[in-house]
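Trainee: I should like to learn how the terms of a structural description are justified. May we examine an example together?

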Amino acid sequence: MATTGGLAAAAGGPSAVVGGPAAVADDEADGAEPEVEDSNIYYDYECRSLSFGVPHPSEIAEPKGLSAVNLPAPTYPLRDSLDKYSIIDSAKLSCLQLEGVQYACQRHQLILPGGTRAGFFLGDGAGVGKGRQISGIIADNLARGRGQHVWLSTSSDLRLDAQRDLQDLGIHCKVIDGCQDLDLNTKALGLGSEFKEGVLFSTYSTLIGSARGTKSSRIDQIIKWCGGEKFDGLLVFDECHRAKNFQVGEKEDASSKTSKCVIELQNRLPLARVVYASATGVTELGNLAYCERLGLWGEGCPFLNFEAFLKVVSKKGIFFLEMLAMELKREGAYVSRGLSFKKAEFETLTVGLTTSQTHIYDQAAKLWMDVRLDMQKAASLTNASGRLNSVYWGCHQRFFKQLIVSLKVDTVCQEAKKALASGYAVVIGLQNTGEASMVRKINQGGSSGNLEFLSSARESLIALIEDHF
């Protein structure tokens, strides 16, 4: 194990001596081949814990440290619930995804010494299917009679993805569009019957909404919908890294509202089945504060509170995070798998500019030079602050970034068509959607139906001139 070997060598232990030059010389004298150090960072991942489920369609890898630790034996009767939706026999989830569902449900059977239900951390990367696994956990709970669940994420647009994942598994429960949907469907006699059960999908920005007048805060509204502290449904913190900015001790007031609300929600729903889902949930030890249900601190746990935990382990450095992840996996509280890059190929294309594109770029450069000269002249006449320079260069950088991206579009389209013709799937990453420019234009009196072609680069220049001239 890499971590153990590193600690032993640092301490001047046996590994520091065994790996020395004298040992190598002795090996060579005896005719033995010198040991080759394993430089792999990731190992191929195989689902060894379950005997059912189809293989995952893509090759999956796991960090070297985690691969040295096995998950505990599966004891939760997952088939009893998922067979209701034919999820296993119809291959709606791969064995690897079923493994995530298995251990989340198994972990939720544990009540921690302080009386709260243990949580599960789903740390899988893109391509493994966190949404599908969360939907599988919801399926298990629905089949066992638990009809209310809360799913928090970063954007309301992701509700459609959640609804798709549920429907793909054959689950057609109500997916409520946040607290706003609850507001719209609360009548004089209370909430409509069709909104009393299902999945309440909300965002972190909604969660931090404070009370207004006679209306309660959003967190109070969610807890009321859940039925209070006896709620034992699923509480999913999707993209949970949004809750990482929590400060301990005297600096707690400086913590982000999101982190404080996430912790409060867990405290007020002690029996909720918590799932933390993020590939980047913990980049440093101080970001662990929101993971209240991992059993690392609290009554009857190794540390009294998070502050005590952080004080002791912060001196251990980044290597402690790896050891902590290994221990959590051994307990069945954490999995972290990701797409393997074993067969990935990378190619960099050089895009040659046409005469027309070169002319566009040259004209844009001349225009920005004119704007700079005029801005300098205006600044000297009005004694404007020096901050104008940073505003200019910031906008200048964004403009040419967008312009250069636009000049690549024709080549990207050609390559995409070529790949599709060869039977490949094409994924295109968007640097910028241009939504902010569109909204700005609409707010200036336009209509989304009457807008002509909108250039983000052009709009950024117009905004600079209108705001600072």
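Mentor: The following exchange sets values against definitions. This is a predicted model, in which local features need pLDDT of at least 70 and side-chain atom pairs count only at pLDDT 80 or more, while totals for chains, interfaces and linings use all residues. Residues are numbered from 1 along each chain as its sequence is written, and side-chain values use heavy atoms, with hydrogens and water left out.

Trainee: Why is valine 412 called partly exposed?

Mentor: Buried means under 20% relative accessible area and exposed over 50%, with partly exposed in between (1.4 Å probe, protein chains only). Valine 412 has a relative accessible area of 37%, so it is called partly exposed. Its place is in helix H17 (residues 409-421); a helix is a DSSP run of at least four residues, and a strand one of at least two, numbered from the N terminus.

Trainee: What makes strand E9 largely enclosed by the rest of the structure?

Mentor: Five of the five residues of E9 (residues 234-238) are buried, so the strand is largely enclosed. Leu234, Val236 and Asp238 point one way, and Leu235 and Phe237 the other.

Trainee: How do you know that E9 and strand E10 pair?

Mentor: Two strands pair if DSSP finds at least two bridges between them. E9 and E10 (residues 273-277) have five bridges, in the parallel sense, and valine 236 stands opposite valine 275 in E10. Strand E4 (residues 148-153) and E9 also pair in the parallel sense, over three bridges; there leucine 152 stands opposite phenylalanine 237.
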